[in-house]
Amino acid sequence: MVGMEDVIPSQIHKGSFMKKIEHKIIREWCKGCGICVEFCPKKVLQLDDEEKVVVRYPEKCTGCRVCEYRCPDLAIEVLVEKEDEKQAA
Ligand code: SF4
Ligand code: SF4
């Protein structure tokens with residue numbers, strides 16, 4: 001079951017710090033134009049059977065927010081939270 005607004009969390013380990021990334025997708029606003037899918041440099045996104053964007057490969061997302069900037073309908077938002085990793089002992 002998919003709600004109107006989905007938040008898909010993913011965590012990426014990058015070098016010495018970790019980024020917590022969430023995609024906030026408002027399905028009702030997505031018209032399935034595929035712009036975000038095409039512009040995503042990591043091919044993270046896909047359109048589903050209902051022509052709505054879904055995060056297919058969240059582990060590949062770098063949090064660049066290109067999808068958010070390119071969406072003409074403000075249907076996708078990327079929340080990036082950087083967490084400095086505790087100094088390794
Ligand atoms: S934030 Fe960047 S890498 Fe992640 S889904 Fe959007 S365009 Fe792709
Ligand atoms: S660019 Fe926006 S409207 Fe177009 S498919 Fe992506 S989320 Fe949907």
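This note comments on the predicted model shown above, point by point.

1. Overall fold. The chain contains two helices and five strands. From one end of the sequence to the other, these elements appear in the pattern β-β-α-β-β-α-β. Of the 89 residues in the chain, 19% are buried. Among contacts between residues at least 6 apart in sequence, 49% join residues at least 24 apart.

2. Ligand 1. Which residues come closest to this ligand? Among the 13 residues that surround ligand 1, the closest are Cys40, Val44, Cys61, Cys64 and Cys67. By class, the shell around ligand 1 consists of nine nonpolar, two polar and two charged residues. The student should note that cysteine is counted as nonpolar in this classification.

3. Ligand 2. The shell of ligand 2 also holds 13 residues, and Cys30, Cys33, Ile35, Cys36 and Cys71 come nearest. This shell divides into eight nonpolar, two polar and three charged residues.

4. The nonpolar core. In soluble globular proteins, nonpolar side chains tend to be buried together. In this model, the largest nonpolar core has 15 residues, and those with the most contacts inside it are Cys36, Leu45, Val53, Cys67 and Ile76. Strands E2 (17-26) and E4 each supply at least two residues of this core. Its largest share, three residues, comes from E4. Two residues of the core also appear in the ligand shells: Cys67 is among the closest to ligand 1, and Cys36 is among the nearest to ligand 2.

5. Leu45 within the core. What does Leu45 touch, leaving aside residues up to four places away in sequence? Leu45 touches Cys36, Val37, Cys40, Val53, Val55, Arg56 and Cys67. Among these partners, Cys40 is also one of the closest residues to ligand 1.

6. Lys43. Most residues other than glycine have a negative phi. Lys43 is not a glycine, yet its phi is positive, at about 55 degrees. The residue lies in the loop between helix H1 (35-39) and strand E3 (45-47). Is Lys43 buried or exposed? Lys43 counts as exposed because it has 11 C-beta neighbours inside 10 Å, and a residue is exposed if that count is 12 or fewer.

7. Arg65. A positive phi, of about 70 degrees, is also found at Arg65, which is not a glycine. Its place is in the loop between strand E4 (53-55) and helix H2 (66-70). Arg65 counts as partly exposed because it has 15 C-beta neighbours inside 10 Å.

8. Gly32. This residue is found in the loop between E2 and H1. With 13 other C-beta atoms within 10 Å, Gly32 is partly exposed. Where does the chain come back to this loop residue? Gly32 and Lys52 are 20 residues apart along the chain, but their C-alpha atoms are separated by 5.1 Å. Not counting residues up to four places away in sequence, Gly32 touches Leu47, Glu51 and Lys52.

9. Glu83. The place of Glu83 is in strand E5 (residues 76-84). Glu83 is exposed, because 10 other C-beta atoms lie within 10 Å. Although Glu83 and Lys20 are 63 residues apart along the chain, their C-alpha atoms are separated by 7.4 Å.

Technical notes
Residues are numbered from 1 along each chain as its sequence is written. Chains are lettered from A and ligands numbered from 1 in the order in which they are written. This is a predicted model: local features need pLDDT of at least 70, side-chain atom pairs count only at pLDDT 80 or more; totals for chains, interfaces and linings use all residues. A residue is near a molecule or strand if its C-beta atom, placed from the backbone, lies within 6 Å of it. Helices (H or I, at least four residues) and strands (E, at least two) are DSSP runs, numbered from the N terminus. A residue is buried if 20 or more other C-beta atoms lie within 10 Å of its own, exposed if 12 or fewer, and partly exposed in between; C-beta atoms are placed from the backbone. Two residues are in contact if their C-beta atoms, placed from the backbone, lie within 7 Å. A nonpolar core is a set of buried Ala, Val, Leu, Ile, Met, Phe, Trp, Tyr and Cys residues joined through C-beta atoms within 7 Å.
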